[in-house]
Amino acid sequence: MVGTPFIGEQERTYGNEVVAWSKGVLGNVEKPIVISGPSGVGKGTLISKLMIEFPSMFGFSVSHTTRAPREKEQNGIHYHFSDRSVMESDIKDGKFLEFASVHGNLYGTSVEAVEVVADAGKRCILDIDVQGARSVRASSLDAIFIFISPPSFEELEKRLRARATETEEQIQKRLRNARAELEQGKSAGLFDHILVNDDLESCYENLKKILGLTEGVKTARKTYPELVDLPMEHSVSKIDQKILINCGAAEYHKASNNMYALDLSLLKGGSPGRTRGLNLYVVNPSTDRVNGDNQLS
């Protein structure tokens with residue numbers, strides 16, 4: 001995606017304007033996480049707990065908004081606070097993965113916000129409303145979608161009033177939107193998991209189970225293949241979603257031990273202009289099964 005800090009660096013390096021760029025990733029990049037739910041349900045608290053317990057594993061996608069900052073909110077940390085005209089222009093230019101009008105203000109997740117997290121080697125968390133989740137679900141981003149629900153509508157109202165940051169009119173608007181979001185959260189095919197936040201600690205433990213986090217796991221689980229210098233003489237063939245590179249033999253039945261497989265199954269699913277990963281494996285032709293169903297080792 002053009003217009004990001006990464007692209008700016010490439011333009012300075014090459015001395016030319018970059019008009020298109022597809023950035024691939026070597027290794028196994030885990031899916032981003034989309035967390036949605038009505039205001040006051042505890043999304044922010046759950047995300048904060050993840051960030052504190054797993055600081056090197058997750059990165060928070062900072063959303064843009066046209067609303068005014070609340071007390072103690074910092075630009076670039078809690079939100080990117082933007083003028084409406086600027087944000088509308090960026091949306092028109094395709095710089096946003098999703099956007100929506102909520103409570104009279106624009107909210108959205110820029111492509112750059114997701115890429116900043118991925119470029120830091122972390123798993124991106126998106127805290128967005130149900131409208132935004134629906135937009136991301138319809139995009140190319142392959143993510144895990146989680147909806148946080150309150151134990152009851154009455155409890156949600158109690159939590160909203162306890163914040164004491166809004167007028168009665170604003171609270172009523174949020175409650176009307178919350179009813180609609182709770183109904184939309186049940187939409188078939190939109191969310192992969194629904195968590196009821198009746199007890200914060202229990203809800204947090206269930207969230208960690210969904211994300212495959214066990215006690216003692218504090219760092220990101222990644223696999224990085226060794227870089228390979230291919231000889232001038234090599235043959236290439238394709239089976240299903242794998243490209244086989246045979247170094248030193250022109251035919252498969254004469255395959256040497258220097259055979260590699262490039263797995264293309266994750267070419268799709270990254271944010272626009274990206275991939276989720278390209279996995280490179282060493283193949284032993286005498287023992288490994290090479291097909292679309294079995295991972296090579």
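Here are a few exercises with worked solutions on this predicted model.

**Exercise 1. Work out how strand 8 sits in the structure and which strands pair with it.**

Start with the faces of strand 8. On one side you find Ile 144, Ile 146 and Ile 148, and on the other Phe 145, Phe 147 and Ser 149; all of these are buried, which leaves both faces covered.

Now count. Buried takes a relative accessible area under 20%, and six of the six residues of strand 8 pass, so the strand is largely enclosed by the rest of the structure.

Then look for the partners. Strand 8 (residues 144-149) runs parallel to strand 1, with four bridges joining the two. Strand 9 also runs parallel to strand 8, again with four bridges. For a pair of residues to click on, try Ile 35 opposite Ile 146, or Ile 148 with its bridge partner Leu 195 in strand 9.

**Exercise 2. Follow strand 1 and say where its side chains point and what it pairs with besides strand 8.**

Strand 1 covers residues 33-36. Ile 33 and Ile 35 point one way, Val 34 and Ser 36 point the other way, and all of them are buried.

Next comes strand 7 (residues 123-127), which pairs with strand 1 in the parallel sense over three bridges. Ile 35 is a handy marker here, with Asp 127 as its bridge partner in strand 7. Ile 35 also stands opposite Ile 146 in strand 8.

**Exercise 3. Describe the largest pocket: its volume, its lining and the elements that supply it.**

Volume goes at the top: about 1,200 Å³ of space lies in this pocket. It has 41 lining residues, and the closest to the centre are Lys 43, Arg 70, Tyr 79, Asp 127 and Arg 163. You've already met Asp 127 as the bridge partner of Ile 35.

Sort the lining by character and you get 13 nonpolar, 16 polar and twelve charged residues.

Finally, ask which elements supply at least two lining residues each. The helices are helix 2 (43-53), helix 6 (153-163) and helix 7 (168-184), and the strands are strand 5 (96-102) and strand 6 (105-110).

**Exercise 4. Find the aromatic pairs, classify two of them, and look for charges sitting over rings.**

A pair of aromatic rings is described by the distance of the centres and the angle of the planes. A search of the whole structure turns up four such pairs.

Take Tyr 79 and Phe 81: with 5.9 Å between ring centres and planes at 50°, the pair is tilted, because stacked needs planes under 30 degrees apart and edge-to-face needs over 60. Tyr 79 and Phe 81 also join Tyr 107 in one aromatic cluster.

Then take Phe 147 and Phe 191, a tilted pair with 5.1 Å centre to centre and 50° between the planes. This pair links distant parts of the chain: Phe 147 belongs to strand 8, Phe 191 to the loop between helix 7 and strand 9 (193-196), and 44 residues separate them. Both Phe 147 and Phe 191 are buried.

Now the charges. Arg 137 has its charged end over the ring of Phe 145, 4.1 Å from the centre. Over the face of Phe 153 lies Arg 179, at 3.8 Å from the ring centre.

**Exercise 5. Check the backbone of Lys 72 and Ala 164, and decide whether each residue is buried or exposed.**

The rule of thumb: most residues other than glycine have a negative phi.

Lys 72 goes the other way, with a positive phi of about 75°. You'll find Lys 72 in the loop between strand 3 (64-65) and strand 4 (80-81). Its relative accessibility is 73%, and since exposed means over 50%, Lys 72 counts as exposed.

Ala 164 isn't a glycine either, yet has a positive phi of about 50°. Its place is the loop between helix 6 and helix 7. With a relative accessible area of 67%, Ala 164 is exposed.

**Exercise 6. Place Leu 262 and give its exposure.**

Leu 262 lies in strand 12 (residues 259-263). Its relative accessible area is 22%, so call it partly exposed. Val 282 is 20 residues away along the chain, and the C-alpha atoms of Leu 262 and Val 282 are separated by 9.1 Å.

Definitions and conventions:
Residues numbered from 1 in each chain as written. Predicted model: local features only at pLDDT ≥ 70, side-chain atom pairs only at ≥ 80, totals over all residues. Heavy atoms only, no water. 1 Å grid on protein atoms, 1.4 Å probe; cavity = no way out; pocket = protein on both sides within 12 Å on 5 of 7 lines; lining within 4 Å. Points joined across faces, edges and corners; volume = space filled by probe spheres on them. Nonpolar A, V, L, I, M, F, W, Y, C, P; charged D, E, K, R; others polar. Buried < 20%, exposed > 50% of the residue type's maximum accessible area, 1.4 Å probe, protein only. Pairing = 2+ DSSP bridges. Phe/Tyr/Trp six-rings, centres within 6.5 Å; stacked < 30°, edge-to-face > 60°. Lys NZ or Arg CZ within 6 Å of the ring centre and 35° of its normal.
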